[in-house]
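Trainee: Could you take one part of this model and go through it closely, together with what surrounds it? I would like a connected account rather than a list.

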Amino acid sequence: TRTTVLVRWVMLGALSGVLAGVASFVFLEGLQRVTTMRVDHGWLIACLPLAGLAIGLANHRLAGRSSGGNSLLLEEIHSPTQWVPRRMAPMVLIGTWVTHLFGGSAGREGTALQMSGSLTDLAARVLRLSNGERSVMLGAALSGGFGSVFGVPLAGAVFGLEVQTAGRVRYRALVPALTASIVGDAVVSALGHEHVLRAALPATNGIQSTMLVAVAGIAFGVAAIAFVEATRAVRAHMATWFPTPTWRPVVGSIGVLGLTWLFGTDYLGLSLPLLDAAVDGTATDAWVWALKIVFTAITIGSGFPGGEVTP
């Protein structure tokens, strides 16, 4: 019956949410610690090339299919053929911690998505779900990962539904996606992690404010295009210059260190102080956004793991 099917998908979505929440809690707690360590011990930044070599060797010798990252998850959602590698979760977790510890410019949601996807697909394997059910579960895992790592369960559900199909919502995945996102966020909170609250923007009405928001939306879109194309360009050139991935993060880290020498350490890691300054209305240099794009495009494009949303 429909009720039975609904209850089943709520339970499966909740399972994915629990896995996503536990993974995000472990990741976020560790991320706080490595970020504090890097800020307190500035000399760690000089070791970024060594960290890059370690990540490059891991990508070359250990990663296998898991190096596909978010793209692999989307491929398995659209055409489920092979299980998501179980090694993806621990590799992206440790790799992202290393990236942030030594000063790479990266985000966090990519890590949460891959951990959640890997663990959820492992559960699907144990439960012997069909390929169609696996596809829905992986979509729920994206929602659970995003919602739990940022503390935004509703946004997580929408993200998980839309990112799979570039704007077209898969309504049959709505229940497990929403359940996974809500449960994932609840698990992170229950385990004791508190998301830092950002300054709230004032709610305004009227034609003028609407037009300003529209202009901002255009600027956001242009920045997104610039970041995506810059990351693709770095990734393509690295693949051309270095057919094996071992040395790509080393070269990328040298570029990041050079930029750090020129522009300072504000662009390393998540750069949350820059974000807070912007939202608070504090005056910032006009080129801050462009520099953050360059820092992050080099970091991600050269093979360091991490997310792309927060930067």
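Mentor: The account below starts from one helix and then follows the contacts around the next ones.

The model is a predicted one, and the part to look at is helix α5, which covers residues 109-127. Its length is as one would expect: at 1.5 Å a residue, the 19 residues of α5 should span 27 Å, and the end C-alpha atoms lie 26 Å apart, which agrees. Most of α5 is covered, with 14 of its 19 residues buried. Directly after the helix comes Arg128, which has a positive phi, near 55°.

Although α5 is mostly covered, the helix also contributes to the surface. A nonpolar patch there is formed by Leu15, Leu122, Val126 and Leu127, which together have about 320 Å² of accessible area. With 3 residues, α5 gives the most to this patch. Leu122, a member of the patch, is placed in α5 and is partly exposed, at a relative accessible area of 30%. As a measure of distance across the fold, the C-alpha atoms of Leu122 and Arg61 are separated by 22 Å, the two residues being 61 apart along the chain.

Helix α6 (residues 131-150) can be read in the same way. At 1.5 Å a residue, its 20 residues should span 28 Å, and the end C-alpha atoms are 29 Å apart, in agreement. It too is mostly covered, with 18 of 20 residues buried. Just after α6, Gly151 has a positive phi of about 75°.

Two kinds of side-chain contact involve α6. The first is aromatic. There are 3 aromatic pairs in the model. One of them is the stacked pair Phe146 and Phe159, with 4.2 Å from centre to centre and 20° between the planes. Phe146 lies in α6 and Phe159 in α7 (residues 153-163), so this pair ties together parts that are 13 residues apart in sequence. The two partners differ in cover: Phe146 is buried, at a relative accessible area of 10%, whereas Phe159 is partly exposed, at 21%. Along with Phe150, these two residues form one aromatic cluster.

The second kind is ionic. The count of salt bridges comes to 6. Among them is the one between the side chains of Arg134 and Glu76, at 3.4 Å from N to O. This pair links distant parts of the chain, with Arg134 in α6 and Glu76 in α3 (residues 69-78), 58 residues apart. Both Arg134 and Glu76 are buried.

Other salt bridges stay within one helix. The side chains of Glu229 and Arg232 meet at 3.3 Å, N to O; being 3 residues apart in α9 (residues 207-241), they are separated by about one helical turn. Glu229 is partly exposed, with a relative accessible area of 41%. Beyond single pairs, Arg65, Glu76, Asp121 and Arg134 are joined into one network by salt bridges that share partners. A further bridge joins Glu29 and Arg33, at 3.2 Å from N to O. Both lie in α1 (residues 2-40), 4 residues apart, about one turn of the helix. An α-helix has 3.6 residues a turn, so residues three or four places apart point the same way. Even so, Glu29 counts as buried, at 18% relative accessibility, while Arg33 counts as exposed, at 53%.

Key
Residues are numbered from 1 along each chain as its sequence is written. This is a predicted model: local features need pLDDT of at least 70, side-chain atom pairs count only at pLDDT 80 or more; totals for chains, interfaces and linings use all residues. Side-chain values use heavy atoms; hydrogens and water are left out. Patches are made of residues with over 30% relative accessible area and no salt bridge: like charges are joined within 9 Å, nonpolar side chains (Val, Leu, Ile, Met, Phe, Trp, Tyr) within 5 Å. Accessible areas come from the Shrake-Rupley method with a 1.4 Å probe; for residues, only the protein chains shown count as cover. A salt bridge is a side-chain nitrogen of Lys or Arg within 4 Å of a carboxyl oxygen of Asp or Glu. Buried means under 20% relative accessible area, exposed over 50%, partly exposed in between (1.4 Å probe, protein chains only). Rings of Phe, Tyr and Trp (its six-membered ring) pair if their centres lie within 6.5 Å; planes under 30 degrees apart count as stacked, over 60 as edge-to-face and the rest as tilted. The expected span of a helix is 1.5 Å times one less than its number of residues.
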